[in-house]
Amino acid sequence: MRKGWLMAGPCLLAVAAWSIAMPRPLAADSGRTASPAASASITIASAVIPRSPAPPSSASLLNRYAKAKPKLWGDHIPGVMTRLDTKDKVIALTFDACGGPKGNGYDNKLIDYLMEQNIPATLFVNARWIDANPAIFSKLASNPLFEIENHGTEHRPLSVTGRSIYNIRGTKNAAAVITEVNGNEEKIAGLTGRRPLFFRAGTAYYDDVAVAIVHDLGLQPVNYSVLGDAGATYNTNQVYKALLGAKPGSIVIGHMNHPEKDTAEGVMRAVPELRKEGYRFVQLADYKLKGSK
């Protein structure tokens with residue numbers, strides 16, 4: 001059922017448990033304060049913090065994976081993080097902005113609600129969406145409620161063989177994987193001064209060699225444990241029910257680029273009930289992550 005819903009979505013969503021502790025204090029949904037609106041135009045960051053330790057060069061990665069043959073393909077394969085590694089009653093809301101001809105919208109209702117309710121969230125933003133919405137991106141990136149992460153340069157499935165899913169061709173080789181990841185990382189870092197910590201492939205699909213490359217580049221590939229809106233195809237009640245299925249440590253995936261859909265209404269209906277159940281909302285970097293084994 002999950003696969004079928006993904007296939008129908010207008011944005012087309014879509015371990016050995018690598019766990020990296022992020023040097024940031026835990027902050028609950030009541031602990032951050034939304035910032036006022038930022039400048040209406042994007043500005044280039046004066047300095048970009050380098051990744052530490054520095055990842056291998058592209059040349060060394062290409063040499064390392066020159067003969068690697070993928071054995072796995074999917075959205076929940078080893079090495080892809082899908083949950084927070086905790087039993088705390090916390091949920092990470094993540095929202096994708098996919099970009100492209102039918103994916104450059106902005107769900108102002110959803111984002112305004114998160115700000116009004118002081119709910120932190122992680123936003124996976126594609127390079128094309130940034131180019132189409134520079135002022136909005138600047139505002140979101142300057143708001144401490146929102147963690148800006150990497151949703152790729154061309155929104156492609158991550159493959160070293162060009163494998164496709166949902167009629168979207170994947171990256172054709174290891175070099176294209178590196179470009180898909182690094183192109184948008186450099187864009188985000190250049191605009192914000194902060195390098196992303198996490199990566200989510202277009203369609204959320206990877207092969208196992210591409211997953212290893214993402215890790216080598218210094219990011220964690222992140223998908224989800226709760227399918228929040230199925231590529232922005234769910235109606236309000238379906239989004240609501242999906243979110244109420246969250247458990248301690250769940251990572252929810254939704255979309256912030258389809259204002260014509262029902263994601264905002266479903267989130268607005270579910271959040272009060274989740275809070276009554278004792279859940280708090282956090283960003284991905286607030287906890288270690290874990291994935292499939």
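Nine helices and 14 strands make up the secondary structure of the protein, and the model you have open is a predicted one. Before selecting anything, it helps to colour the whole chain by burial: of its 293 residues, 54% count as buried. If you then switch on the surface, the protein exposes about 12,000 Å², with carbon and sulfur atoms supplying 55% of that area.

**Stop 1: helix 6 and helix 7**

Select residues 174-192, which form helix 6, together with residues 208-216, which form helix 7; the two pack at an angle of about 50 degrees, and their axes are 10 Å apart. An angle of that size lies outside the ranges for parallel, antiparallel and perpendicular pairs, and helix 6 and helix 7 are therefore oblique to each other. The crossing in which helix 6 passes helix 7 is right-handed. To see what fills the contact, show the side chains of Ala 174, Val 177, Ile 178 and Val 181 in helix 6, which meet Ala 210, Ile 213 and Val 214 in helix 7. By class, the residues of this contact are seven nonpolar, no polar and no charged.

**Stop 2: Thr 171, in the loop before helix 6**

Now step back along the chain to Thr 171, which lies in the loop between strand 7 (168-169) and helix 6. Is Thr 171 buried or exposed? With a relative accessible area of 3%, which is under the 20% cut-off, Thr 171 is buried. Leaving aside neighbours within four places in sequence, Thr 171 is in contact with Arg 156, Pro 157, Leu 158, Ser 159, Val 160, Thr 161, Gly 162, Ala 176, Val 177 and Glu 180. Draw a C-alpha to C-alpha distance from Thr 171 to Thr 161, and the value should be 7.1 Å for two residues that are 10 residues apart in sequence.

**Stop 3: two histidines between strand 5 and strand 6**

The next selection is the loop between strand 5 (146-150) and strand 6 (164-165), where His 155 lies. His 155 has a positive phi of about 60 degrees although it is not a glycine, and with a relative accessible area of 6% it is buried. His 151 is found in the loop between strand 5 and strand 6 as well, and it too is buried, with a relative accessible area of 1%. Which residues does His 151 touch, not counting residues up to four places away in sequence? Its contacts are Asp 96, Ala 97, Cys 98, Phe 124, Val 125, Asn 126, Asn 184, Phe 199, Arg 200, Ala 201 and Gly 202.

**Stop 4: Ala 232, on the way to helix 8**

Move on to Ala 232, found in the loop between strand 11 (226-227) and helix 8 (236-244). Phi of Ala 232 is near 65 degrees, a positive value in a residue other than glycine, and at 0% relative accessibility Ala 232 counts as buried.

**Stop 5: helix 9 and its two partners**

Keep helix 8 selected and add helix 9, which spans residues 263-276; the axes of helix 8 and helix 9 are 7 Å apart, and the packing angle is about 35 degrees. Helix 8 passes helix 9 in a right-handed crossing. The helix 8 side of the contact consists of Thr 236, Asn 237, Val 239, Tyr 240, Leu 243 and Leu 244, and the helix 9 side of Thr 263, Glu 265, Gly 266, Val 267, Arg 269, Ala 270, Glu 273 and Leu 274. Seven of these residues are nonpolar, four are polar and three are charged.

Replace helix 8 with helix 3 (residues 108-116), whose axis comes within 8 Å of that of helix 9 and crosses it at roughly 25 degrees. That angle is under 35 degrees, so helix 3 and helix 9 are roughly parallel to each other. Here the crossing is left-handed. Lys 109, Leu 110 and Tyr 113 in helix 3 meet a set of helix 9 residues including Val 267, Met 268, Val 271 and Pro 272. The contact of helix 3 with helix 9 divides into seven nonpolar, one polar and two charged residues.

**Stop 6: Tyr 279, after helix 9**

Finish at Tyr 279, in the loop between helix 9 and strand 13 (280-282), which counts as buried at 7% relative accessibility. Outside four places in sequence, Tyr 279 is in contact with Lys 89, Val 90, Ile 91, Ala 246, Lys 247, Pro 248 and Leu 274. Tyr 279 and Ile 91 are 188 residues apart along the chain, yet their C-alpha atoms are separated by 6.9 Å.

Conventions:
Residues numbered from 1 in each chain as written. Predicted model: local features only at pLDDT ≥ 70, side-chain atom pairs only at ≥ 80, totals over all residues. Heavy atoms only, no water. Axes fitted to C-alpha atoms, helices over the stretch in contact; angles between N-to-C directions. Helix = DSSP H or I, 4+ residues; strand = E, 2+ residues; numbered from the N terminus. Parallel < 35°, antiparallel > 145°, perpendicular 65-115°, else oblique. Left-handed = near helix turned anticlockwise from the far one by under 90°. Contact = heavy atoms within 4.5 Å. Nonpolar A, V, L, I, M, F, W, Y, C, P; charged D, E, K, R; others polar. Buried < 20%, exposed > 50% of the residue type's maximum accessible area, 1.4 Å probe, protein only. Areas by Shrake-Rupley, 256 points an atom, 1.4 Å probe, with all protein chains shown as cover.
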